[in-house]
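Work through these exercises with the model open beside you. Try each task before reading its solution.

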Amino acid sequence: MPERPTPDPTRRTAPGGRPVATLLLDRAGRPALASAGSRDRRLRMRRVTARQAVNTVLNEVEFRLQSAVVRSLPQNVDIVLTKACNLACTFCVDYETPGAKRISIENFDKVARQLFPTARLVSICSGGEPYLHKGLEDLLRIARRHRIATWVLSNGMLLREDRVRTIVREGLITTHGFSVDGFRSATVERLRVNAELETILEKIQMVLRVREEERKRLPRTIIRYALMRSNVEELPDAVERWGEMGIDRMDCGYLAVCNGIDPQESLYFHQDLMSRVFAEARRVAGSYPRLRLNLPPAVRDEQPKREHPTRCRAPWRFVKIDTDGRVLPCYRAWEAINMGKVYDADGVAFGDIWNNEDYQALRRTVNDDGVEKSFPFCARCDYRYGWGDIAQHVGFEEWAETVAPETPDDGHGIDHRRDRRASASMRAKSAPNPSA
């Protein structure tokens, strides 16, 4: 039997055989009509539909105008698939929801029909481990049907080759991330309780192998690395490992001190060491053109943000939907802000939530430092004000207070950590010497 011709991914056909134009956005965000151009040109440009392109432009205009009532919809939709997790990471600031612990395909499809036609990205990087959701592939197929990019973050322990091959073969994940915070097994396994670095490395290598065997360009692979005193000196070795393996990108960010972790773990107190390690990591990364190393700004470079904060885009561009259908406006909302519910029979249409009074109040106050904030945490959020203030580094317990704001009748607080061992290895008694 003759081999079927490979379809042009930039060409779509409507019922009846009529061709449908697909818009592309180049890196500058300018729309261009897709054509039978070279493969390199298609790689440089990101396919979006006409509705996604129009929503992107309108969204940017409304953000710049700081509109409280908006016509555009969020570009980035983060959907929490499950609260279940096989690890108990020391610095996890997630929490258990009182309702559903896992999203149903029906609820995912309900949200997809409302948001995916205009969104640019669906993120599956919050809550628990996505590979614990048995319907992950079916959920990703729904996203693919809407021609939306997908970002999935995993701890890497539970990947199976049959599932990975299906995902790669069908093009279900655009970007696949893995959280690996260190180079040595002892470091990674102390930070991520129940993890095994050797297993994680085998699983990541398997993803890269399957991608090559299937002759696919996607998914792109990313390593997430939370930076702290006890692992920062391993960063250059980690860069070399991932560069040799063929990883596409490393995203590094500062530790958020929480769960009783000793504040001396924060690199705020070790800035000279941090600067030396960052310089060495960049030097090592220079030997691997494929690998893009993203390091956070130096703490001292963030200090001007206290006087000139960055404007938050989240209330316009982003939405997070928890397993029980609660709509959250940002990654710092936790359970402190409940904008409404979209799942199940008692859920409402997202459009009715997106411009309700709470959302309008948030948009009016989030970037106005002359008024009282609708959400008090906005007044100190590191997204706006950076990491230059010591207050960002001596304890980050607001999340625990917001998920359990009321004192129970028995007077004891609620511990939302999945595993009480999670922060045991990071307490002050085993913290590094401040002078180190």
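**Exercise 1. Classify R317 and its salt-bridge partner by burial.**

Solution. This is a predicted model. Start with R317: its relative accessible area is 26%. Buried means under 20% and exposed over 50%, so R317 is partly exposed. Next, find the partner. R317 forms a salt bridge with E60, and the closest N and O atoms are 2.7 Å apart. The two residues come from distant parts of the chain: E60 sits in helix α2, R317 in helix α11 (residues 314-317), with their positions 257 residues apart. Now classify E60. Its relative accessible area is 17%, so E60 is buried. The search of the whole structure gives 33 salt bridges.

**Exercise 2. Describe the helix that holds E60.**

Solution. E60 lies in helix α2. Take the length: α2 covers residues 50-64, which is 15 residues. Then check the span. From first C-alpha to last, α2 reaches 22 Å, close to the 21 Å expected at 1.5 Å a residue. Now list the buried positions: Q52, A53, N55, T56, N59, E60, E62 and F63. Finally, look past the end. Q66 follows α2 and has a positive phi, near 55°.

**Exercise 3. Compare where the partners lie in two further salt bridges, D138 with R141 and E214 with R169.**

Solution. Begin with D138 and R141. Their closest N and O atoms are 2.8 Å apart. Both residues belong to helix α4 (residues 136-145), three residues apart, about one turn of the helix. D138 has 38% relative accessibility and is therefore partly exposed. R141, at 26%, is partly exposed too.

Turn to E214 and R169. Their side chains meet in a salt bridge of 2.8 Å, N to O. E214 is in the loop between α7 and β12 (220-227), while R169 is in helix α5 (residues 161-170), so this pair ties together parts 45 residues apart in sequence. E214 is buried because its relative accessibility is 17%. R169 reaches 48%, so R169 counts as partly exposed.

Last step: widen the view. E214 and R169 are part of a salt-bridge network that also links E161, R165, R209 and E213.

**Exercise 4. Which residues form a negative surface patch, and is E198 buried or exposed?**

Solution. The patch is formed by E189, E196, E198 and E202. Place E198 first: it is found in helix α7 (residues 197-213). Then read its accessibility. The relative accessible area is 56%, so E198 is exposed.

How values were computed
Residues are numbered from 1 along each chain as its sequence is written. This is a predicted model: local features need pLDDT of at least 70, side-chain atom pairs count only at pLDDT 80 or more; totals for chains, interfaces and linings use all residues. Side-chain values use heavy atoms; hydrogens and water are left out. Patches are made of residues with over 30% relative accessible area and no salt bridge: like charges are joined within 9 Å, nonpolar side chains (Val, Leu, Ile, Met, Phe, Trp, Tyr) within 5 Å. Accessible areas come from the Shrake-Rupley method with a 1.4 Å probe; for residues, only the protein chains shown count as cover. A salt bridge is a side-chain nitrogen of Lys or Arg within 4 Å of a carboxyl oxygen of Asp or Glu. Lys and Arg count as positive and Asp and Glu as negative; His and the chain ends are not counted. The place of a charge is taken as NZ of Lys, CZ of Arg, CG of Asp or CD of Glu. Helices (H or I, at least four residues) and strands (E, at least two) are DSSP runs, numbered from the N terminus. Buried means under 20% relative accessible area, exposed over 50%, partly exposed in between (1.4 Å probe, protein chains only). The expected span of a helix is 1.5 Å times one less than its number of residues.
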